[in-house]
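Biologist: Could you walk me through this model before I go back to the bench? I would like to begin with the overall layout.

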Number of protein chains: 2
Amino acid sequence: MARTTGSHSDITGPRVRAAALRLFARHGFAAVSMRQIAMEVGVQVGALYNYTPDKQTLLFELMRDHMIELLRAAVTFPRDMPLADLENFVRFHIAFHHDRPDAVFIAYMELRNLEPDNFAEIEALRGQYEAVLESILEAGRFNVADRKIATLAIIAMLTGVSTWFRTGGRLSLGAVQEQYWEMVRRMVGPEGGSV
Amino acid sequence: MARTTGSHSDITGPRVRAAALRLFARHGFAAVSMRQIAMEVGVQVGALYNYTPDKQTLLFELMRDHMIELLRAAVTFPRDMPLADLENFVRFHIAFHHDRPDAVFIAYMELRNLEPDNFAEIEALRGQYEAVLESILEAGRFNVADRKIATLAIIAMLTGVSTWFRTGGRLSLGAVQEQYWEMVRRMVGPEGGSV
DNA sequence: GTCTATATTCTGATAGAC
DNA sequence: GTCTATCAGAATATAGAC
């Protein structure tokens, strides 16, 4: 979209972040140039540097904002009914990630492209998110041999939904949530037993 | 490592692939230059083109070879005892992926950077691998609401091991295999039941 | 705040000597 | 088969006009 010279700081900033999010998710951070982002926004490349000091910071802030939003949404569980909390966590994780496919993709794929300090900060936020699930597993009488492993296994399983789920496919998101909750429930449920 | 002029085709080819595998896994396909690969191998950049027509083909062949090797190793299960086959699959997937961390990383992260025809070929191979697990789930009397979803959930869960497992850590690989098998067994086991 | 123009470095790939 | 040299273009980031 062509643009004329003028003052648009109030809307250009969000548009830069949105364009970067979209392009980084599609093609990868390293494969996307500042020129491509500028073209998507409809400005010249120099204008981008009013909104980010450099490309690396742009990536980092997208990832950080996503992780903070995820974390803020995740810590609202009541923590008094572990089974209900676990179910809520499962449904929440699937829904939240479904609503933000680009941010999820970047948060999992572009860790390699973060400079060490930025990487450490994102990893710390990820650890906090894992701790939410871990504390739910700790609070309940779940049949879990190793809480840390169960945490990582469940999160990996749930996050995997975003690699194949498409709205309008064979299953609704609700049906997917239902089935994953059933699988998680059985995985950590008290019945265990022999086969 | 500096090299002198001469004929080394018998060893340079594998060294090019090994260097590309390593660098692509560390930094991402788009972030790695042919010059970096050449430096890692110890040749000048022009020499690389004796072994690949271009960078894209180098990536594609690494991914294709990995998927073919994975598939060949996976179809050896007997298919007559579903529960044993499922356990073997779980242990196999974890061990195989643990032995090839760079190839696994690339196979899951660099799909975006494949040209359409190459992407289709890799996706087909991935589908065949998923079909191996799906047929095991089909052969047994497993308590699975949707076989396709269970297949994808299990593979995502197992593949996630490679994001955190490190030899010499708190748990041995055997212990990890054991715990994942226990989780998968409960997830698809016949006991199901209420909570 | 955005533009145009530019500095500097790097990119994938090729040509031809040895 | 590897080297050196090179092409043509693209990369990030900056400077200064408006």
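Modeller: Please keep in mind that this is a predicted model. From the N terminus on, the elements of chain A run α-α-α-α-α-α-α-α-α-α.

Biologist: How many helices and strands does chain A have?

Modeller: Chain A has ten helices and zero strands. Its C-alpha trace spans about 70 × 40 × 30 Å along the principal axes.

Biologist: Now the contact between the chains. How many residues does it take from each?

Modeller: The contact takes 44 residues from chain A and 44 residues from chain B. The area buried between the two chains is about 3400 Å², and carbon and sulfur atoms give 61% of that area.

Biologist: How many salt bridges cross the interface of chain B and chain A?

Modeller: Four salt bridges are found across that interface. In a salt bridge between the chains, the side chains of A:D146 and B:R170 meet at 2.6 Å, N to O. There are also 14 residue pairs in polar contact between chain B and chain A, both residues being at pLDDT 80 or more.

Biologist: Which elements of chain B give two or more residues to the side that touches chain A?

Modeller: They are α1 (9–27), α6 (101–109), α8 (147–159) and α9 of chain B. α9(B) gives the most to this side, with eight residues.

Biologist: And what is the make-up of that side by class?

Modeller: The side of chain B that touches chain A has 25 nonpolar, ten polar and nine charged residues.

Biologist: Let us change topic. How many salt bridges does the structure hold over all chains?

Modeller: The total over all chains is 28 salt bridges. One salt bridge within chain A joins the side chains of A:K148 and A:E130 at 3.4 Å, N to O.

Biologist: Which parts does that pair tie together?

Modeller: A:K148 lies in helix α8 of chain A and A:E130 in helix α7 (residues 116–139) of chain A, so the pair ties together parts that are 18 residues apart in sequence.

Biologist: What about internal space? How many cavities of 30 Å³ or more are there?

Modeller: The count comes to four cavities of 30 Å³ or more. The largest cavity has a volume of about 80 Å³.

Biologist: Which residues line the largest cavity?

Modeller: The lining includes A:N143, A:D146, A:I149 and A:M187 from chain A, and B:Q179, B:E182, B:M183 and B:R186 from chain B. A:D146 is also the residue whose side chain meets that of B:R170 in a salt bridge.

Biologist: Which helices supply that lining?

Modeller: α8 (147–159) and α10 (173–188) of chain A, together with α9 (173–188) of chain B, each supply at least two residues. The largest share, four residues, comes from α9(B).

Biologist: And the classes of the lining residues, how many of each?

Modeller: The lining of the largest cavity has seven nonpolar, two polar and three charged residues.

How values were computed:
Residues numbered from 1 in each chain as written. Chains lettered and ligands numbered in written order. Heavy atoms only, no water. 1 Å grid on protein atoms, 1.4 Å probe; cavity = no way out; pocket = protein on both sides within 12 Å on 5 of 7 lines; lining within 4 Å. Points joined across faces, edges and corners; volume = space filled by probe spheres on them. Nonpolar A, V, L, I, M, F, W, Y, C, P; charged D, E, K, R; others polar. Contact = heavy atoms within 4.5 Å. Buried area = accessible area lost by both parts, 1.4 Å probe. Polar contact = N/O pair within 3.5 Å; in protein donor to acceptor, adjacent residues only side chain to side chain.
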